[in-house]
Amino acid sequence: MMPLSLRRPSRSPWLLVAVATLFAGCNSKPATTSGATAPAAKPATEPVSLTLGAYTTPREAYAEILPAFRPQWTKDHPEGIEFKESYLGSGAQARAIVGGFEADVAALSLEPDIDTIKKAGLITHDWKARPYQGMVSRSIVVIGVREGNPKNIKDWDDLAKPGITVLTPNVRTSGGARWNIAAIWGAAIRGKTSAAKDSPEAATKLLSAVLKNVKNMDPGARESLLNFERGVGDAIITYENEILVGKQKGQKYEYVIPKSTILIENPAALIDTVVDKHGARKAAGALLDFLITPDVQRLYAKHGLRPVVDEVAKEVATNYPAVEDLFTIRDLGDWKGVGITIFDTGTGYDKALAQAGTP
Amino acid sequence: MKSTAYALEPSRGERIARHLTTLYLILIVAVPLLALLWYGVSDGLVSLREALASPVARQALWLTLWTSALVAVINLVLGTATAFVLVRYRIPGKSLLSALIDLPLAIPTLVTGVMLAILYGPESLLGQSFTNLGFPILFAKPSIVLALAFVTLPFVIRAVEPVLIELDPGEEEAAFTLGAGPIRTFRTVILPAIAPAALSASIRSLGRAMGEFGSIVVVAGNIPMQTLTAPVYILGEIESGAPRAAAAVSALVLAAALALHGLAHLIERRLGARHV
């Protein structure tokens with residue numbers, strides 16, 4: 001016989017579910033405001049702790065930059081400094097910070113990710129008021145090709161030819177992949193490709209021809225390059241620094257710089273609510289200043305990134321050749337503008353994708 | 001009589017155990033699920049309607065549904081056959097084979113994806129041959145089916161095995177004695193006994209397949225309207241700052257999985273009861 005207790009369900013669990021869910025629902029706001037009320041600086045005897053929340057690409061550069069910053073800081077602050085570092089995809093890092101990860105300084109791949117943090121109310125100052133509009137490093141969008149360039153790929157138009165397999169990440173999962181699309185779109189609009197100048201329709205057509213050749217959209221730039229290294233694709237649209245780092249590690253691929261391409265600019269900013277809570281505003285500011293000193297700019301250049309400081313850019317010009325027609329996101333109407341023309345639902349990219357899907 | 005009295009007045013220990021386990025289940029499973037549902041529908045289904053208006057989302061859901069259903073059917077047929085062979089036939093290295101069946105559950109699904117990408121990639125002979133035949137596997141729909149078949153392999157086999165072992169050999173002997181051939185015996189004696197377990201496990205594998213992400217994101221190709229599955233679409237919505245659309249589609253997938261689970265349970269009870 002079945003024990004009676006099994007037929008007598010307790011009602012309390014379901015009440016618990018309801019209460020717990022309510023609790024979860026009410027508590028969903030990020031607990032970030034609490035930090036603003038506690039600006040008390042730590043006593044000067046304790047070393048200041050600085051957390052860097054960065055995107056993955058410049059990890060090797062920061063492995064050299066942070067140790068170089070330590071003597072700079074301890075010169076005037078004998079109590080010293082401790083670093084904590086976190087490296088994620090740019091968008092994921094921005095979300096982590098918004099979700100409560102206490103990074104004092106965010107160094108990300110693109111401006112909209114810093115804006116995500118700003119919109120959440122964690123950055124309250126005008127971070128673009130810093131030198132170089134808050135940017136600390138640069139790169140350009142290039143085309144990676146196989147050793148010897150067997151398919152003779154020279155420019156964006158070549159990626160649109162039938163029979164070429166192209167790699168570029170999914171723009172929905174990789175914020176950075178938007179640079180790739182903006183590069184092709186901008187080159188087309190500026191009349192530097194076979195597409196008619198200033199014609200969004202022609203730009204969409206070129207983009208769709210390229211997307212038609214994309215057989216695999218990886219979730220991010222690194223996965224995309226890994227697939228290229230694994231032998232997938234004739235060409236990869238990616239950032240110059242990714243290719244240069246790969247070549248430093250002994251990869252045999254090559255790259256071509258299109259006639260017209262976009263300048264990638266990587267921002268860094270201190271996060272007001274966090275530095276105030278940690279008493280780390282001064283240290284965070286000093287680190288940001290340090291990032292744009294010639295020495296650190298040379299370190300970025302060593303790890304594949306183009307410097308923002310002119311003086312250093314001239315020094316490394318042989319490794320980072322000039323682009324015939326280099327444009328910036330501002331030439332395309334800033335991130336807001338490209339949102340409206342290219343990336344918002346149903347605009348340029350979606351149209352190109354739809355055209356690519358119908359033979 | 002003793003058990004009734006015991007049940008009416010559960011001991012203190014029993015009561016604590018009962019409440020603790022219920023609380024555990026609630027905290028680990030029910031609360032997160034409800035939080036997702038809550039978030040997904042908290043703006044009055046606007047996000048869900050908007051998400052479903054997008055052909056990309058609809059296509060992703062459809063792709064996930066049919067590939068998972070196909071894999072569920074494959075599991076039903078081949079899983080049942082595998083279980084039968086394992087239980088009934090003497091084969092060398094049986095224990096090794098049995099360990100192999102559990103392996104897919106032990107491997108991180110991301111590794112499954114990388115494994116398939118290497119096997120069918122452009123650098124492997126296998127990948128090259130399939131591509132040359134005009135039937136590419138990697139970054140095409142076949143890779144989705146292969147990955148799903150891999151990660152859901154144990155479901156049906158492990159559900160059918162114990163039923164076959166428990167089956168009274170007397171029934172089959174009786175069928176034989178009464179002149180039934182092997183096929184008829186299988187159809188009239190064995191099949192009815194294992195059908196509930198096989199069907200419900202197949203449906204559970206369908207639910208599991210619908211949620212598969214780790215291996216799919218590596219092998220599928222993730223091209224919108226072509227090889228983008230619902231879980232990868234959901235990731236894209238999260239990454240591009242549309243968490244509500246992501247939650248809405250997630251809630252839909254969740255609802256489908258729950259419905260399938262309910263169906264599996266129903267089949268177990270209905271079909272199961274007839275043959276006890």
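This is a short conversation about two helices of chain B and one helix of chain A in a predicted model.

Modeller: A word on conventions: residues are numbered from 1 along each chain as its sequence is written, and chains are lettered from A in the order in which they are written. In this predicted model, local features need pLDDT of at least 70, side-chain atom pairs count only at pLDDT 80 or more, and totals for chains, interfaces and linings use all residues.

Biologist: Why are α4(B) and α8(B) called oblique to each other?

Modeller: Helix α4 (residues 55-88) and helix α8 (residues 141-151) of chain B pack at an angle of about 50 degrees, with their axes 9 Å apart. Angles under 35 degrees count as roughly parallel, over 145 as roughly antiparallel, 65 to 115 as roughly perpendicular and the rest as oblique. Therefore α4(B) and α8(B) are oblique.

Biologist: Which residues of α4(B) and α8(B) make the contact?

Modeller: Contact asks for C-beta atoms, placed from the backbone, within 7 Å. T67(B), S68(B), L70(B), V71(B) and I74(B) of α4(B) meet K141(B), I144(B), V145(B), L148(B) and A149(B) of α8(B).

Biologist: What makes residues of α12(A) count as buried?

Modeller: A buried residue has 20 or more other C-beta atoms within 10 Å of its own; 12 or fewer make it exposed, and in between it is partly exposed, with C-beta atoms placed from the backbone. In helix α12 (residues 294-302) of chain A, the buried ones are V296(A), Q297(A), L299(A), Y300(A) and A301(A). Their packing partners include α2 (59-76) and α11 (281-291) of chain A.

Biologist: What follows α12(A)?

Modeller: G304(A) does, with a positive phi near 95 degrees.

Technical notes. Helix = DSSP H or I, 4+ residues; strand = E, 2+ residues; numbered from the N terminus. Contact = placed C-beta atoms within 7 Å. Axes fitted to C-alpha atoms, helices over the stretch in contact; angles between N-to-C directions.
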